Amino acid sequence: MKQLSKKQAAIRAFIANELAAGRPCPSHREIAAHFGFASSYAAACHVQALIRKGALMAAAGKARALRLAEDAKPLLRATVVEIPLFGSIPAGFGQDREQEGDSMIGRHVCNGDIVILEHGPEPRHGQIVAALIDRKSTLKTFVLKNNRSFLKAENPKYPDLIPSEELMIQGVVRALIRKASE
């Protein structure tokens, strides 16, 4: 890799920090805003110089597809992320543990699956959520109808869960892990 100017090194470090934080590669406009450039063209010129000097690599025809040159070789190595496991949550009614195996079968969530939840975002209609409904935890589809929120089982054998006291969303399902059958 050829010698970088101070500004190029700073831009490369900014891109590296964004990627390391798990965010998408910053656009030329975002780079320009971060460094106070008058236009995104200045950022584009710096990025092109970083590519020519071998500090960055770009995938042709793809936006936000920059990566650090030293990251190009270990693409086969997976990124390791720690995900805390907090326990189990029934996919049926909170008090009725018999239902937890098949109330979400219509969304392919089975008994024993592990779901990855994102805490914080407001759920959108149709997303699977972990929720506290009337002080009982459950995993259901979030439904918003006529400005009222309720939870829906994805098995026609079970009724909708309409809160009589409270409905608190604990997290939105982002991924599902299923143990392979033996």
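**View 1. Lys152 is partly exposed, with a relative accessibility of 32%.** This and the views that follow show a predicted model. The side chain of Lys152 meets that of Glu154 in a salt bridge, with 3.4 Å from N to O. Glu154 counts as buried because its relative accessible area is 16%, and buried means under 20%. Salt bridges with shared partners also bring in Arg107, so that Arg107, Lys152 and Glu154 belong to one network. Lys152 lies in strand E6, where it stands opposite Thr141.

**View 2. A salt bridge joins Asp113 and Arg178.** The closest N and O atoms of this pair are 2.6 Å apart. The two residues come from distant parts of the chain, 65 residues apart. Asp113 sits in the loop between strand E2 (66–68) and E3, and Arg178 sits in the segment after E7. Is Asp113 buried or exposed? Asp113 is buried, because its relative accessible area is 16% and the limit for buried is under 20%. Arg178, at 43% relative accessibility, counts as partly exposed.

**View 3. A salt bridge joins Arg135 and Glu165.** Here the closest N and O atoms are 2.9 Å apart. This pair also links distant parts of the chain, with the two positions 30 residues apart in numbering. Arg135 belongs to the loop between E4 and E5, while Glu165 belongs to the loop between E6 and E7. Both residues are exposed. How many salt bridges does the count come to? The count for the model is 7.

**View 4. Strands E4 and E5 form a hairpin with 2 residues between them.** Strand E4 covers residues 128–133 and runs antiparallel to E5, to which 6 bridges join it. Within this pairing, Leu132 has Ser137 of E5 as its bridge partner. Asp134, in the hairpin, takes a positive phi near 50°.

**View 5. Strands E5 and E6 form a hairpin that also has 2 residues between the strands.** Strand E6 covers residues 148–152, and 5 bridges join E5 to E6 in an antiparallel arrangement. Which residue of this hairpin takes a positive phi near 55°? That residue is Asn146.

**View 6. Strand E7 pairs with both E3 and E4.** The pairing of E3 with E7 is antiparallel and has 5 bridges. In it, Val115 has Leu176 of E7 as its bridge partner. E4 and E7 are joined in the antiparallel sense as well, over 5 bridges. There, Leu132 has Met168 of E7 as its bridge partner. Leu132 thus appears in two pairings, with Ser137 of E5 and with Met168 of E7.

**View 7. The largest pocket has a volume of about 740 Å³.** The lining of the pocket is made up of 27 residues. Which of them are closest to its centre? They are Gly87, Ser88, Ile89, Val115 and Leu117. Strand E3 (114–118), strand E5 (136–145) and strand E7 (167–177) each supply at least two lining residues. E3 gives the most, with 4 residues. Sorted by class, the lining has 15 nonpolar, 8 polar and 4 charged residues. One of the residues closest to the centre, Val115, is also the bridge partner of Leu176 in E7.

**View 8. Phe14, Phe35 and Phe37 form one aromatic cluster.** The count for the model comes to 2 aromatic pairs. Phe14 and Phe35 form an edge-to-face pair, with 5.8 Å from centre to centre and 90° between the planes. This pair links distant parts of the chain: Phe14 is in helix H1 (residues 6–20) and Phe35 is in helix H2 (residues 28–35), 21 residues apart. Phe35 and Phe37 form a stacked pair, with 5.9 Å from centre to centre and 20° between the planes. Phe35 is a member of both pairs. Phe14 counts as buried at 13% relative accessibility, and Phe37 counts as buried at 19%, because buried means under 20% relative accessible area.

Terms used. Residues are numbered from 1 along each chain as its sequence is written. This is a predicted model: local features need pLDDT of at least 70, side-chain atom pairs count only at pLDDT 80 or more; totals for chains, interfaces and linings use all residues. Side-chain values use heavy atoms; hydrogens and water are left out. On a 1 Å grid over the protein atoms alone, a cavity is a set of points where a 1.4 Å probe fits but cannot get out, and a pocket is an open set with protein on both sides within 12 Å along at least five of seven lines; lining residues have an atom within 4 Å of a point. Grid points are joined across faces, edges and corners, and a volume is the space filled by probe spheres set on the points. Ala, Val, Leu, Ile, Met, Phe, Trp, Tyr, Cys and Pro count as nonpolar, Asp, Glu, Lys and Arg as charged, and the others, Gly among them, as polar. Two strands pair if DSSP finds at least two bridges between them. A salt bridge is a side-chain nitrogen of Lys or Arg within 4 Å of a carboxyl oxygen of Asp or Glu. Buried means under 20% relative accessible area, exposed over 50%, partly exposed in between (1.4 Å probe, protein chains only). Rings of Phe, Tyr and Trp (its six-membered ring) pair if their centres lie within 6.5 Å; planes under 30 degrees apart count as stacked, over 60 as edge-to-face and the rest as tilted.
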